Amino acid sequence: MGAQWKAKHKDLAANAKGRLFGKLAKDIMIAARHGADPAANARLRLVMEQARKVSMPKDTLDRAIKKGAGLTGETVQFDAVMYEGFAPHRVPVMVECLTDNVNRAASDMRVLFRKGQQGAPGSVAWDFDHVGHIEAEPSAPGADPEVAAIEAGAQDLEPGDDEGSTRFITDPADLDLVSRALPEHGFTVLATQLAYRPKNPVDPASLTAEQLEEVEAFLAALDANEDVQHVYAGLAG
């Protein structure tokens, strides 16, 4: 589950698409503050790629860009807040929020973390690396991910979420540069994201089936919160 935890079970993910669109719309609005033209706004361009991958409706995408760029006359104010702590059974967790009400978000986190343990800022962050993630798949026969990683400037690579895909790991500042270079080395970029990667992930095999279920239920409850953008869990696999 390394970088970003994702619900594995269909019952947990049944209503995930609507929540995902809402989270992406926030990301797009934040990115569009620096300009509505993706050619001149790398952050916006990367988020738009994610939106297209999950088939976000074009009118929803366009509306979020215009709203974020101030072209609709509406005021958009979100605060980015990071919460840290542990899921049940000492699995480290970082929770990235974008909220229009910091007090509400803080209150919700206190309640949600009752089944785990909320920590002070920095209590868990030391055990994660801030990185760029690029999901890509071969676009040419014989494309070698290791060669592509070296040539494009990625720091590391691992199997991606989709069968046959590769996740290229980059320095955060190099995310856009590497994503632009990969097509020259036989790979089509599917999605890009800044993320947190656990340094010492907990092995799921060290937990019983019941314990793992408790961890996943805790992570699912966090992910379902309206202010939560991303949940990063230090759980291997």
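Let's start with tyrosine 232, which is buried, with a relative accessible area of 0%. Keep in mind that what you're looking at is a predicted model. Tyrosine 232 sits in strand 8. Lysine 199 is 33 residues from it in sequence and 12 Å away in space, going from C-alpha to C-alpha.

Who else is around here? One residue that touches Tyr232 is valine 93. Besides its neighbours within four places in sequence, valine 93 is in contact with a whole crowd, including Tyr83, Phe86, Val124, Phe128, Leu219, Leu222 and Val231.

That brings us to the nonpolar cores. The largest one has 21 residues, and Val93 is among those with the most contacts inside it, along with Tyr83, Val95, Met109, Leu219 and Leu222. Which elements give two or more residues to this core? They are strand 1, strand 2, helix 5 (102-112), helix 8 (209-223) and strand 8. There's also a second, separate core, made of 19 residues, with Met29, Leu44, Val47 and Ala51 among them. As a general picture, nonpolar side chains in soluble globular proteins tend to be buried together.

Helix 8 deserves a closer look. Its 15 residues stretch 21 Å from the first C-alpha to the last, close to the 21 Å expected at 1.5 Å a residue. The buried residues in helix 8 are Val215, Glu216, Phe218, Leu219, Ala220, Leu222 and Asp223.

Now hop over to the loop between strand 1 and strand 2, home to histidine 89 and arginine 90. Most residues other than glycine have a negative phi. These two go the other way, as the table shows.

| Residue | Phi |
|---|---|
| Histidine 89 | near 65° |
| Arginine 90 | about 60° |

Is histidine 89 buried or partly exposed? Histidine 89 is partly exposed, because its relative accessible area is 32%, and that falls between the 20% and 50% cut-offs.

Last stop: the second largest pocket, which holds about 520 Å³ of space. It is lined by 28 residues, and Asp27, Arg43, Glu96, Leu194 and His230 lie nearest its centre. What is the lining like by class? It has 16 nonpolar, 6 polar and 6 charged residues. Helix 3 gives the largest share of the lining, 5 residues. Other elements that each supply at least two lining residues include helix 2 (16-32), helix 7 (175-181) and strand 7 (187-198). Strand 8, where we began with tyrosine 232, is also one of the elements supplying at least two residues of this lining.

Technical notes:
Residues numbered from 1 in each chain as written. Predicted model: local features only at pLDDT ≥ 70, side-chain atom pairs only at ≥ 80, totals over all residues. Heavy atoms only, no water. 1 Å grid on protein atoms, 1.4 Å probe; cavity = no way out; pocket = protein on both sides within 12 Å on 5 of 7 lines; lining within 4 Å. Points joined across faces, edges and corners; volume = space filled by probe spheres on them. Helix = DSSP H or I, 4+ residues; strand = E, 2+ residues; numbered from the N terminus. Nonpolar A, V, L, I, M, F, W, Y, C, P; charged D, E, K, R; others polar. Core = buried A, V, L, I, M, F, W, Y, C linked by side-chain atoms within 4.5 Å. Buried < 20%, exposed > 50% of the residue type's maximum accessible area, 1.4 Å probe, protein only. Contact = heavy atoms within 4.5 Å. Expected span 1.5 Å × (residues − 1).
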